[in-house]
Amino acid sequence: MKEQDTMTSNKLRHEQLGLTDGQVIDMYKYMVLARKFDERNLLLQRAGKINFHVSGIGQETCQVAAAFALDREKDYFLPYYRDYGFVMAVGMTPRELMLSAFAKAEDPNSGGRQMPGHFGSKRLRIVTGSSPVTTQVPHAVGIALAAKMQKKDFVSFVTFGEGSSNQGDFHEGLNFAGVHKLPVVVMCENNQYAISVPLHKQISGKVSDRALGYGFPGVRVDGNDALAVYAAVKEARERAVRGEGPTLIESVMYRLSPHSTSDNDLAYRTKEEVEENWKKDGVARFKTYLIEAGLWDEARDEDLVAQLNLEIKEATEYADRAPFPKPEDTLLHVYAEDEGGTEGWR
């Protein structure tokens, strides 16, 4: 073996992918932040402080890894309602998201008018999704078409659950993207359940295989393996920028929490099944990787959790005190201003 080959083989996995020690530590911090934020929202809903929460526990690993593989300065993002880890990793703060959970006027997502999880930020190029699932896919394809027409080197990145990959918007969007070889990366977060319907009753085969019918690659990856997800999304983005068209990534993990705070998941799956999948948790798995790489330890982990819990506590208290939207501002942000800046057009 050549000396250069030996040096490469001795590198840690993240180094082989071009990630620095600092980057993988930051990835882990965002995973833990998303987990702790999610846990706090579940408690707030049970305490009657917020109305509703859709949890993403078990999916943070693939979300954060994907965000790090994209260009967070130029790409466009169309996340779905569980993507707290993703939107935090691209720049949204716990305060902003908590304002949404409390439906307050300062909420940057919708001014307190939408359910939480409908993320939106012009500053961060996060495009708000609507309540009908998978409508964000053709929107992402449209943005990718704009990138191609303008000869720009950004891509659009869109996520959704495996249940919604059965919707017409998914297939129409992928077909159009394939025909026109558009720079869009499409990631299915396959968490095994479409609300209460298990995977084997939703889909015959794999979600990733569906890309073949539209003329571009489909990749299936372990969603609990952060570095595998990072590599898949990074390669898909590079393909898109080179003009080689879209990629469908199926990131397979497990939803460890109920579908939402209005769901009793033990009505359709067993406690033993959930406990078995906790053993595969991607956040704990990545923590182990960092410890074994000599980049992390339990003392630093305890300090991180304490710091993040304090940040989330402060965000919660701020959102709780913030004012609700005023009735007279109902149409605020609904209409764009006209060229003359007419006051009536908001």
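Which residue forms a salt bridge with Arg242, and how far apart are the closest N and O atoms? Here are my notes on that and a few other things.

1. Start with that pair. Arg242 forms its salt bridge with Glu244, and the closest N and O atoms are 2.7 Å apart. Keep in mind that we're looking at a predicted model. Arg242 counts as exposed, at 52% relative accessibility; the cut-off for that word is over 50%. Glu244 is partly exposed, with a relative accessible area of 33%.

2. Some background for the next few points. Side chains of opposite charge can pair when their charged atoms come close. In this model, a search of the whole structure turns up 19 salt bridges.

3. Now have a look at Asp225, and find Arg13 while you're there. Their side chains meet in a salt bridge, at 3.2 Å from N to O. The two sit in distant parts of the chain, 212 residues apart: Asp225 is in the loop between strand E6 (218-222) and helix H9 (226-241), while Arg13 belongs to helix H2 (residues 13-16). Asp225 is buried, with a relative accessible area of 12%, because buried means under 20%. Arg13 is partly exposed at 38%.

4. Asp225 has another partner too: Arg285 forms a salt bridge with Asp225, and here the closest N and O atoms are 3.5 Å apart. Arg285 lies in helix H11 (residues 282-292) and Asp225 in the loop between E6 and H9, so this pair ties together parts that are 60 residues apart in sequence. Arg285 is partly exposed, at 37% relative accessibility.

5. Put those pieces together and you get a network: Arg13, Asp222, Asp225 and Arg285 are joined by salt bridges that share partners. Try picking out these four residues together in the viewer.

6. On to empty space. Rolling a probe the size of a water molecule over the atoms shows where empty space is left. The structure has one cavity of 30 Å³ or more, and the largest cavity has a volume of about 40 Å³. Its lining is made up of Gly58, Asn224, Tyr254, Leu256, Asn277, Lys280 and Asp281. By type, that lining splits into two nonpolar, three polar and two charged residues.

7. What about the pockets? The largest pocket holds about 440 Å³ of space. It has 29 lining residues, and those nearest its centre are Tyr80, Tyr81, Ser131, Val133 and His259. Strand E2 (156-161) and strand E4 (193-194) each contribute at least two residues to the lining. The lining is a mix of 14 nonpolar, 12 polar and three charged residues.

8. The second largest pocket has a volume of about 320 Å³. Among the residues lining this pocket are Pro108, Asn109, Ser110, Arg113, Leu332, His333 and Val334. Sorted by type, the lining has three nonpolar, six polar and two charged residues.

9. Is Ser260 buried or exposed? Ser260 is buried, with a relative accessible area of just 5%. You'll find Ser260 in the loop between strand E7 (247-252) and helix H10 (271-278). Setting aside neighbours within four places in sequence, Ser260 is in contact with Phe52, His53 and Val54.

10. Finally, the record. An unreviewed UniProt entry carries the annotation "domain: Dehydrogenase E1 component" for residues 28-328. Over that stretch the chain is 43% helix and 10% strand, and the end C-alpha atoms are 43 Å apart.

Conventions. Residues numbered from 1 in each chain as written. Predicted model: local features only at pLDDT ≥ 70, side-chain atom pairs only at ≥ 80, totals over all residues. Heavy atoms only, no water. Helix = DSSP H or I, 4+ residues; strand = E, 2+ residues; numbered from the N terminus. Buried < 20%, exposed > 50% of the residue type's maximum accessible area, 1.4 Å probe, protein only. 1 Å grid on protein atoms, 1.4 Å probe; cavity = no way out; pocket = protein on both sides within 12 Å on 5 of 7 lines; lining within 4 Å. Points joined across faces, edges and corners; volume = space filled by probe spheres on them. Nonpolar A, V, L, I, M, F, W, Y, C, P; charged D, E, K, R; others polar. Contact = heavy atoms within 4.5 Å. UniProt positions renumbered as here; feature names shortened; annotations may be inferred.
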